[in-house]
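Colleague: Before I use any of these terms at the bench, I would like to hear what stands behind them. Please take them one at a time.

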Amino acid sequence: MNAVEIEEAVSDLARAPFDPATFPFEFLTAFGVKETTIARLRKGDTNASDVGGVLQRSNIHIAVAAPGDVNGTLRALRESPKTAAAKAKFILAADGDVFEAEDLTSGEVLACSYNDFADHFGFFLPLAGISTVKEIKNNPIDVKATGRLNRLYVELLRENADWGTPERRHDLNQFMARLIFCFFAEDTGIFNGTNLFTSTVERMSSTERGSVEFVITELFRAMDTSPSQRENACLRSWADEFPYVNGGLFAGGKLCPRFSKVARSYLLRAGELNWQEINPDIFGSMIQAVADEGERGSLGMHYTSVPNIMKVLGPLFLDDLRAQLEAAGDNSRKLRNLRKRLASIRVFDPACGSGNFLVIAYIRMREIEHEIVKITGDEPRSVISLSNFYGIEIKDFAVEIARLALLIAEFQCDVRFISQQVARTLVLPLKQTGEIVSGNALREDWLKLCNYYSKEESNRNGRGFPSIEADQLCSVESNTEIYICGNPPYIGDKMQGIEHKSDVEHVLSGHIERWRSLDYVCAFFYKAAQYVKLTNAQAAFVTTKSTNQGQQVSLFWPVVLRDCVLKFAVRPFDWRNLASHNAGVTCVIIGFARSDYNGSRFIIDGDRVKIVSNISPYLIEGPDVVIEKASKPISQRPKMGLGNVLKDDGILTLDDDDYDILRSNGETRHTRKIVGSYEFINGSYRRCLYLKPGKNAKTVHDGIISSKLERVSSYRRESRAEALRSLADKPSLFYFHLKPGKNHTLVVPRVTSENRDYLPVGFLPADVLISDRNYGIVDGPIWVMSLIASRMHWVWIGSVCVRMRSDFSYSNTLGWNTFPIPELSEKNKSDLENSANNILLAREEYFPATIAELYDPSRMPDVLRRAHENNDEIIERVYKGRMFRNDTERLETLLSLYVSTVKKSNTISESSTVKVGRERNNSRGI
């Protein structure tokens with residue numbers, strides 16, 4: 001269930017008569033607890049309550065109190081041993097008149113009348129696995145409004161199927177935007193009279209008076225009729241009470257969809273809410289999903305919280321404005337200069353959705369302006385124009401909502417910083433809102449939308465609008481500041497559809513050779529970088545951390561950093577939203593400016609801000625060096641090879657029946673155990689046919705073997721690959737064979753979860769084959785295991801190797817061959833060998849536990865963890881003489897050592913180092 005569905009279910013429960021016997025179960029049902037779980041709780045199988053209530057483990061302990069004893073019952077729940085033992089997050093007591101609860105994690109308490117508890121549904125959203133934000137908990141109006149409008153939208157589509165077609169969808173979306181404005185206007189005093197719009201529709205659309213469609217059409221016509229035109233407009237008297245709104249919102253067609261009785265009811269119920277309390281950023285995110293059938297189930301639960309938005313806007317430009325405000329003190333001249341600067345700032349979000357970033361930027365800028373006005377005593381009317389806020393959004397309804405959200409934000413700021421009376425006089429008729437257009441941002445020309453000059457400046461200079469030559473754009477002085485920001489869509493290279501690949505090709509083809517291997521968001525970064533180069537703008541985007549890991553770095557960032565420098569970076573952090581059971585995505589924020597930028601550069605890591613001389617593409621302090629594949633190790637160490645590649649269509653693999661027959665025939669000498677990454681981590685194996693080189697089908701008499709080899713021959717003969725067809729007559733040979741050693745094979749799985757604190761690595765006997773799902777070092781020295789199992793190596797491969805979703809994808813050429821290792825003495829190797837043996841002995845203590853079981857972070861044995869921690873200390877003292885403070889410091893040290901190592905061996909390539917002085921890329925049409 002999403003938050004909207006939960007709010008509706010809780011509201012229904014609060015309106016129903018209180019039933020002490022069923023309330024706890026109905027409450028849990030409202031938050032999406034499954035029927036089977038409820039049934040077991042009812043039966044008592046899983047209900048461990050010791051106070052006569054209902055206790056759901058790891059969730060909530062609920063009890064119905066005797067009349068007047070809610071507080072005492074809540075105390076009993078709090079003191080109950082079962083509450084603690086079951087790790088309950090909440091306790092709740094109610095008697096039908098009073099409702100009290102406590103969040104046992106935060107200590108926050110809730111007390112209200114029973115009839116009002118639905119207004120606090122956000123307090124309990126963690127019960128449904130939904131991480132919440134303060135604004136939702138304290139003000140449920142946004143969720144309620146979204147629910148009401150969603151029901152209305154769905155019902156209108158049911159009644160007006162033609163309005164759901166691509167040709168008419170814009171009409172319906174614009175109609176909904178008009179309704180939202182009317183609801184807001186009647187509750188904020190923009191319309192004279194209490195509840196004017198809703199009451200007029202209710203009164204005039206009753207059965208005996210007229211249809212809903214007629215009434216709404218007439219009201220919308222009135223709002224598009226100026227005072228000078230009213231006399232001849234023949235407006236109905238009840239419509240003439242409505243003011244002239246204009247501003248484009250009510251211009252154009254006045255058609256209204258057909259309303260059923262159900263739709264009319266939904267409309268009136270939506271009007272009952274207090275729309276004055278709407279948060280434009282939250283509501284905008286939620287309501288945009290109403291018009292998108294694919295997203296309607298989530299109903300805006302991907303809302304970006306204000307703290308996360310400020311992680312972008314603060315370092316990009318708002319922190320600098322705040323610093324300038326503080327430095328100005330009470331100096332009126334400096335404060336007025338700052339206000340002029342505010343008026344010249346343009347904010348541009350090329351994937352703006354419902355306008356969250358633009359709305360928050362506007363509100364924060366108004367707050368700074370208000371501080372200035374309080375000191376100077378100047379005219380309080382804002383000099384910050386909504387026309388300075390630009391956006392591109394591919395979804396039509398989101399564009400309408402973004403424009404409306406900015407209008408609401410402006411009015412609310414006027415009320416907050418001037419007065420409600422003045423705000424009402426300023427709002428109508430509506431002025432031009434943000435410059436937000438509907439389109440594909442990767443196909444639109446950003447310069448044409450958000451130009452360095454205003455339209456008036458462009459026309460005065462004789463250049464026209466929006467066509468400005470790039471060289472003129474860069475050379476003319478201007479006080480205009482442009483900041484590009486947002487959270488562009490991230491789509492991994494393997495997840496992109498045809499249309500996404502086409503967009504990426506349109507932007508990157510001809511500029512980046514292997515553009516097909518890049519994430520979708522890289523196209524936004526490239527367009528922004530070209531815009532920054534031509535305009536001296538600055539930009540900052542949220543993206544997943546994979547953008548600065550693995551092959552993406554070497555393919556993409558050298559091209560971008562020819563023209564730009566990284567101004568700031570926010571190191572990886574969890575980006576959570578309101579989606580149910582959302583585990584969060586690990587994101588970074590990257591801010592960049594033109595290559596001639598000479599301001600401060602800084603890295604934000606949690607609460608720590610570090611001023612640095614340069615930010616590397618790996619988002620650490622260091623040079624602009626990227627790690628590229630190496631065919632051999634950059635320093636002395638054993639060679640690591642890929643496991644056996646069979647290329648047999650699975651035919652050479654034996655099932656249990658095949659092996660039993662071979663064993664009965666005495667032919668098991670032609671088989672071997674073979675282990676992939678899954679088998680290695682989970683302590684299992686498979687078997688395959690393994691005929692020594694030179695052995696062929698004619699010398700083997702067993703029927704199963706002969707049959708399998710014939711099938712392999714047939715499979716390979718039909719292959720399109722010439723190399724594989726050449727092996728058709730040698731079906732017993734592997735496509736690639738990692739020749740076994742005499743003693744053992746050191747094994748590293750190709751794919752492993754990043755949730756483990758250490759990479760799984762170990763040894764297998766020499767007669768056990770490893771598949772190409774593993775890498776191996778044949779007869780590798782034991783001290784090598786110590787390095788691979790270290791935190792240092794974990795940090796390195798986590799930064800330079802390719803990612804598969806949240807898993808590490810190990811690589812010998814990118815992860816092992818490039819791994820910087822200090823020169824090791826024989827004493828160092830002996831210490832590392834002893835440390836590796838201690839890790840192996842710690843594993844042996846828990847035999848037959850598997851790697852998967854031993855390295856589960858929540859269940860890792862203490863003795864094994866200590867062995868790894870001791871191993872890390874030994875290794876890190878080799879690198880730095882002490883333990884590192886954090887992973888960032890580890891990566892900085894490794895990158896520095898990498899640079900010095902490759903320079904000594906002259907193996908660093910021209911493309912590995914970004915040279916800012918290179919010839920600029922003068923491509924146009926960004």
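Modeller: A pair to start with: F568 has F602, in strand 13, as its bridge partner. The model is predicted, so local features need pLDDT of at least 70 and side-chain atom pairs count only at pLDDT 80 or more, while totals for chains, interfaces and linings use all residues. Residues are numbered from 1 along each chain as its sequence is written, and side-chain values use heavy atoms, with hydrogens and water left out.

Colleague: What makes strand 11 and strand 13 a pair?

Modeller: Strands pair if DSSP finds at least two bridges between them. Strand 11 (residues 564–575) and strand 13 run parallel and are joined by three bridges, so the term applies. The strands themselves are DSSP runs (E, at least two residues), as helices are (H or I, at least four), numbered from the N terminus.

Colleague: In which sense does strand 13 pair with strand 14?

Modeller: Antiparallel, over five bridges, with strand 14 covering residues 608–612. D605 stands opposite R608 in strand 14. The two strands form a hairpin with two residues between them, and G606 in the turn has a positive phi of about 70°.

Colleague: Why is strand 13 called mostly covered?

Modeller: Buried means under 20% relative accessible area, exposed over 50% and partly exposed in between, with a 1.4 Å probe and protein chains only. Four of the five residues of strand 13 (601–605) are buried, so the wording follows from that cut-off.

Colleague: How do you know that T37, I38 and L41, the buried residues of helix 3, are on the same side?

Modeller: T37, I38 and L41 are buried in helix 3 (residues 35–43). They cover an arc of only 100° around the axis, which puts them on the same side of the helix. The arc is taken from the directions from the helix axis to the C-beta atoms. Exposed E35 and K43 are on the face turned away from the buried side.

Colleague: What do the buried residues of helix 3 pack against?

Modeller: Helix 2 (23–30) and strand 1 (54–56), where contact means heavy atoms within 4.5 Å. After helix 3 comes G44, with a positive phi near 100°.

Colleague: How do the residues lining the second largest pocket divide?

Modeller: Into 14 nonpolar, four polar and four charged. Ala, Val, Leu, Ile, Met, Phe, Trp, Tyr, Cys and Pro count as nonpolar, Asp, Glu, Lys and Arg as charged, and the others, Gly among them, as polar. A pocket is an open set of points on a 1 Å grid over the protein atoms alone, where a 1.4 Å probe fits, with protein on both sides within 12 Å along at least five of seven lines; lining residues have an atom within 4 Å of a point.
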